[in-house]
Number of protein chains: 2
Amino acid sequence: MLARWGDIAEGIGDDAAVLSSPKSGSLVVSTDASIENVHFRREWLSAQEIAYRSTVAALSDLAAVAAKPIGMLLALTIPDSWRYEIDSLADGIGEAARSSRTKIVGGDLSEGESLSFTITVLGESNRPLLRSTARPGDRVYVTGELGGAQAALSSFMRGETPAPEYRARFAHPVARIQEALWLTTHGASAGIDISDGLTADLSNIVAASNVCVSIDVDRVPAMSGVTPLDACASGEEYELIVSSPGSLDAAEFEREFGVALTEIAVIEAGKAQVQLSSKGQPVPVPEGYLHFSK
Amino acid sequence: MLARWGDIAEGIGDDAAVLSSPKSGSLVVSTDASIENVHFRREWLSAQEIAYRSTVAALSDLAAVAAKPIGMLLALTIPDSWRYEIDSLADGIGEAARSSRTKIVGGDLSEGESLSFTITVLGESNRPLLRSTARPGDRVYVTGELGGAQAALSSFMRGETPAPEYRARFAHPVARIQEALWLTTHGASAGIDISDGLTADLSNIVAASNVCVSIDVDRVPAMSGVTPLDACASGEEYELIVSSPGSLDAAEFEREFGVALTEIAVIEAGKAQVQLSSKGQPVPVPEGYLHFSK
């Protein structure tokens, strides 16, 4: 794996990696596990895609708080039946590390019964984007177009082949780290990444901030062929939701990143909850995203 | 688990934990996995002991480089058959965190087929103790008394009950963090913790430092009933090996920590290898410690 990674791996082999501390600001850390038959199934994706996606899921937690990556540690469990895929697994991890401009600074390799990736990401931030800092009057924005990840997963779980554009969203999410840094620089006040679905993750912001929000579901950016309600419930998107006291320049954001930035609601004072409406009528909030589970 | 941990857990529940950066010195990080039927068997130890030992194994990597802990992240996979033990698992982790004076700053809980602990430890150090900095003329010291962990494991693997003093060494190792800080303050030049056995781990120091060393096995501190050669091969001890250009005050160390510090060899110039001798005769170097493996 080290041979495949080249200069994006460093310091591996010692008991611990020694890194420079962030010169200013805070240290941001998170750990995230992706386990075969719990978080993914082998038959759905290539080995490289599985490894890439598991790594992005971890890196997305740095995007969620608008931290710049400084390194990651990988604990991999690789059963015998996956051994021949080890180069592809390394390549998927390497692709995710490179695209987030970070390095692999430590690792631990074990045998075991299931393929699993436990990835710890380290970052730094002068101004971490928390969940608890949305205020009444803030606008709520979401990046990208939602619904593809869930649409692909639903197809897989029915034993069908997803449409290529949905499959791509499922197999190849992007950790929106550069986007998050732009958003916080331009005034974002609170943020989260979409792992459980727009509604569920926005609920985490309103609960932590003790505010409420009503989303007109027809404003939610849905992929073609996906209903707005399905877009609201689609998890593992790894897009960002942010609040901002000022208006954000969506056109500039899109020029910069080639990704949409859509205003979908305004934070209000009131009982902490997310409400949905369509054409002025309330819409029942769908259940939280049901992650794949065997 | 959070309820069991009380104030030793903080910041869990957000996408990422935000910590103060080390004010001076380097950031030290390591990740370590302990997996049921790969690294331990359920029938050997209590749930609390298994969790404690897995956590100490990770924390010991901070001791190996003489770093002061600043937090740890836990990724736990807990199968249904272990659910009823969750309080005991939390208590074992909490006991290890408290004894190393650190906090649990993040986590990820998954279902899965095997109980596993993937623990990432974060520390800080002004002067990390590396493997590559032993020099000819340095004395080599080891902490504690060796052999109990291997003796207990051998008994378990034969289906026998180990002697209580050996079982205690296996079930309740200590991450020698305070000891490592003392050793580095008093001039230690290189260090490692014993996970694969004294001979194997000292080989890592001599290889990284490009020096050689000859150990008189009769000077190796062995637990009562353990042969010196078995003590040299005993892994998962989590004792420390350090080199030091100056003499270390073993009596003061023992008064401070209640743990022996024994000089066992002197680093020499020459081909990077560890040699063993007894009463002036060379002794074949035993195979590296055979970790338990199903």
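A salt bridge is a side-chain nitrogen of Lys or Arg within 4 Å of a carboxyl oxygen of Asp or Glu. By that criterion the structure, a predicted model, holds 27 salt bridges over all chains.

**View 1. A salt bridge within chain A joins Lys103(A) and Glu10(A).** The closest N and O atoms of this pair are 3.6 Å apart. That distance lies within the 4 Å cut-off. The pair links distant parts of the chain, with the two positions 93 residues apart in numbering. Lys103(A) sits in the loop between helix H3 (86-99) and E4 of chain A. Glu10(A) sits in the loop between helix H1 (2-5) and E1 of chain A. Side chains of opposite charge can pair when their charged atoms come close.

**View 2. Chains A and B are related by a two-fold axis.** A turn of 180 degrees lays chain A on chain B. The shift along the axis is 0.0 Å, and the RMSD is 0.0 Å. That is why the relation is a two-fold axis. In chain A, Ser21(A) has the C-alpha nearest the axis, at 3.1 Å.

**View 3. The contact between the chains takes 48 residues from chain A and 47 residues from chain B.** Of the interface residues of chain A, 98% are also interface residues in chain B, so the copies meet through the same surface. The size of an interface is often given as the accessible area lost when the parts come together. Here the buried area is about 3600 Å². Carbon and sulfur atoms give 54% of that area.

**View 4. Polar links cross between chain A and chain B, with seven residue pairs in polar contact (both at pLDDT 80 or more).** The count of salt bridges between the two chains is zero.

**View 5. Several elements of chain A supply the side that touches chain B.** Among those giving at least two residues each are helix H2 (47-64), strand E3 (68-77) and strand E5 (116-125). E2(A) gives the most, with nine residues. By type, this side of chain A divides into 22 nonpolar, 16 polar and 10 charged residues.

**View 6. Strand E1 of chain A pairs with strand E2 of chain B.** The pairing is antiparallel and runs over four bridges. Within E2(B), Val28(B) is the bridge partner of Val18(A).

Definitions and conventions:
Residues numbered from 1 in each chain as written. Chains lettered and ligands numbered in written order. Predicted model: local features only at pLDDT ≥ 70, side-chain atom pairs only at ≥ 80, totals over all residues. Heavy atoms only, no water. Least-squares fit on C-alpha atoms with pLDDT ≥ 70 in both. Contact = heavy atoms within 4.5 Å. Buried area = accessible area lost by both parts, 1.4 Å probe. Polar contact = N/O pair within 3.5 Å; in protein donor to acceptor, adjacent residues only side chain to side chain. Nonpolar A, V, L, I, M, F, W, Y, C, P; charged D, E, K, R; others polar. Pairing = 2+ DSSP bridges.
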